[in-house]
Amino acid sequence: MKTMPKPVYLAAGAYTVSLGPGRREFSPRTGRPGLDHYIREAGRAALAQIGDPAVIDEGVIGNFMAARFNRQGHLGSLMTIVHPALEYKPALRVEGACASGGLALATGIKSVLSGLAEVVLVMGVEVQNTVKSLYCADFLAGAGYYAGERKDGPAYFFPGKFSERAGAYAAKVGPEPARSAMARWYRNAVENARLNPAAQEYHNTVQDLFAQGLTPPNPRTFTEHLNLFDCSKVSDGAAAILVASEEGLRRLGLARQDVVEVAGFGQMAANLTAPPPDLTELTTCRLAAAQAREMAGIGIQDAGIFEVHDCFTISGLLSVEALGLAAPGGGAELVSAGATARTGPHPMNTGGGLVGYGHPTGASGVRMAVDLWKQLTGRAGDFQVPLAKEHGIMVSMGGNDKTVVSLVVRR
Amino acid sequence: MDLNTRLRQVAVVGAAGKMGSGIALLLALELAYRALETPDDTFILNLIDMNDAGLQSLVRYLRDQAAKDGERQINRLRTLFRDRADLVDNQDLVQEFVFEVLLRVRTGRTLALAGESHLVFEAAFETEEVKHAIYKDLAARCGPGTYFLTNTSSIPLQSLSEACGIPGRLIGFHFYNPPAVQKLVELIQPRTCQPELAALAGELARILRKKTIPDNDIAGFIGNGHFIRDGLYAISEVERLAPEHGFVPALHMVDRVSRDFLLRPMGIFQLIDYVGIDVFQLINQVMARYLGAHLRSPLLDRYLALGVKGGQTSGGGQKPGFLDYQKGRPAAVYDPDAKAYLAMDADWARLADARLGPVPDPTLSWKALSRDPDPTPKLTAWFRTLQDQDSLGADLARRHFRASRETGLGLVRQGVANSPEDVNEVLKLGFFHLYGPITDYLV
């Protein structure tokens, strides 16, 4: 597809609180809500913004590992608990590791493009605080090549994998510039999260976030090149948004200013069994984002708001380069200069992103689309930033840059 | 026989108790790691206790704690299990480790289970009668090469070992509570202790990552030598203050001064409750038998006769004693005349606090100072203020400080401790005091 064959819109976005360590109401000892709660809450918050839910033709839900975290499969059927109007219609769960939410969006968009649906309810959910973080690492390691990588891999598997990337990046740009930029990314993320009441770091009161971000990594207890502040959180949460055609918008009763248009999207997978071609580059993210821009017919400088997959601060820096905002190795300097802060020229992850809002893995891609929709329709509340440009870009990444969905949206 | 060979058959007597279960955990973990590192060796841990329910709780405790240790040591486990293709997830490794820990454990109610052990740890009830009975039985059941390590915190060992027919083969290896966490071990060598046993005990302490302080074989040793006298001093202070202020307010004041003015982790009466008034009295009786009747306390007899004992619940909660507690904090004081607890949230306590007067400004707490890498300057300033402060609280603090210091110096004079530093180390490591008693903060 060179261009979008017909207009497709995103509307009525919503997400839950990202619950987990950091939130005042979170306690590892007491009982917590499960999948049902989050699916219901996010889905109903989206439906509350429209007229009759009967106009929804189809449901898609992104989820990574409920089968292990919650011993629950069959989420396509489970998502019908949002509203009786979803019953006896198509519904499915899609999985692409941490890009599951991005895949759900792509699936919903393709359904609308196919003409088989005018309105699709797209959701994402993950409830991860059912196990200690050490065992959470086991489940998330399923996003890697289990048979080939897990046995000899680090205990905290993905932090270990991205620590390798951080180490390679530090060797490329220098340890100090790399560490400073990661600390700055952390500071930006938490400062943004403090403006987003649903964010896991909303209650964070640490004074000197940058100094905290500079904490030297401890390879004995965690990883060689990442500290705990470099990591996104273990999170419970869900997100929902409607994907609609022109006809769908009419049926929903929504005006153009309430929605954003999907100007283009890129979706691709890379070989799970092969190591990354270059540890200092998110190659698949770069290619998918270029595909989305090409379909939208825009250059990177046409976009004024960004959502990237900062599962770790290093992935944030590498995403800046994958988007083309900086040359290879130039991301650290750009981030350290504040260009990706909410006041900078490329405001990024303004609701906190994965480090600040949290990372309920299967929900993250959908949550990114919701934050772009909020910003471009002026609904971001305290974390709203002034927008000089019409476009926003998101990149949802799964595993170690293996499944990627990128969207370009226009207000 | 070297330590590794001895560790192939070990026993813990009194394993289901508070101290015994901690010692059992330390040994179970050590044996499991050894077994994984040298798969051809067999290691067995015999855990003996009269209490069947207690033994079951112990196995449960070992399972839970082994899992926690495996989680902390996950990188070590990933290396140790590197050749086990069937163990991939962290969860697989931790579960296998728990199995490896429990695999070496045998539980039973009779001392016969210790018969083949090369090392026997004993953490039984702290009376001479009980220890005599156990060691006489063990002497008959165990081989002549078996070494015995007792966790007694008060009973002189030379006479015990001679009376039980194990001279030279008994050493004091006194852990602090909880043994798995506390870094201190008091090492007490009776006069005729075999040098090989002394060397082996030192090596074992190093392997278990404990800091040892050598104590001499005099009832109470250093830790209880100070603690019991400190408790008896506090009781004498309550009795001195009671005619003017009333018994309950006096007890509240002495407890508060030791905690809030002397900056200890808990007040002296809270500490006695933590240990248990009954346990305190047992130790006290041993010390009185060997060191003189001046160490007896009729007040403690009165509390115990009233059934007020303190100590811990099986879940680790604090039972009421001198004080009663809410969420682990003192909330009421026992009145032995009224046979009831008087809540501290009342006018009598506010009046007592007012009589004590304020603590020095700026207010310091043990908790904050315990995280301070160098609390000395703050402590110096604090005590300088206390030195000159004209208040009842400051006066009680000065008196208590001096009494504690005199007790510490007495332990050195009487040959219980080899040096003032050893006394200070035991109080700092074993009792979490910020400073040892033999210091010059107050003169």
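This dialogue goes through the domains of chain A, one strand of chain A and one sheet of chain B.

Student: What kind of model is this, and how are residues and chains labelled?
Tutor: This is a predicted model, in which local features need pLDDT of at least 70, side-chain atom pairs count only at pLDDT 80 or more, and totals for chains, interfaces and linings use all residues. Residues are numbered from 1 along each chain as its sequence is written, while chains are lettered from A and ligands numbered from 1 in the order in which they are written.

Student: Which domains does the assignment give for chain A?
Tutor: Domain bounds come from an automatic or database domain assignment. For chain A it gives domain 1 (9–131 + 234–258) and domain 2 (133–232 + 263–410). The C-alpha centres of these two domains of chain A lie 22 Å apart.

Student: How many residues does each domain of chain A put into the contact?
Tutor: Two residues are in contact if their C-beta atoms, placed from the backbone, lie within 7 Å. Domain 1 of chain A supplies 46 residues and domain 2 of chain A supplies 41 residues.

Student: Which element gives the most to the side of domain 1 of chain A that touches domain 2 of chain A?
Tutor: Helices (H or I, at least four residues) and strands (E, at least two) are DSSP runs, numbered from the N terminus. H4(A) gives the most to that side, with 8 residues. Strand S1 (9–15) of chain A is among the elements that each supply at least two residues there.

Student: How many residues of S1(A) are buried?
Tutor: A residue is buried if 20 or more other C-beta atoms lie within 10 Å of its own, exposed if 12 or fewer, and partly exposed in between, with C-beta atoms placed from the backbone. In S1(A), 7 of the 7 residues are buried, so the strand is largely enclosed by the rest of the structure.

Student: How does S1(A) pair with S5(A)?
Tutor: Strands of a sheet pair through backbone hydrogen bonds, either parallel or antiparallel. Two strands pair if DSSP finds at least two bridges between them. S1(A) and S5(A) are antiparallel, with 5 bridges, and Tyr15(A) stands opposite Ala239(A) in S5(A). S1(A) is also joined to strand S6 (residues 260–269) of chain A, antiparallel, by 2 bridges; there Leu10(A) has Val260(A) as its bridge partner.

Student: What is the strand order in the open sheet of chain B?
Tutor: The order of its 3 strands is S9-S10-S11, with antiparallel pairing. Strand S9 (323–326) and strand S11 (340–343) of chain B stand at the edges with a single partner strand each, so one side of each has no neighbour in the sheet. Strand S10 (residues 329–335) of chain B is joined to S11(B) by 4 bridges, and Asp335(B) faces Ala340(B) in S11(B).
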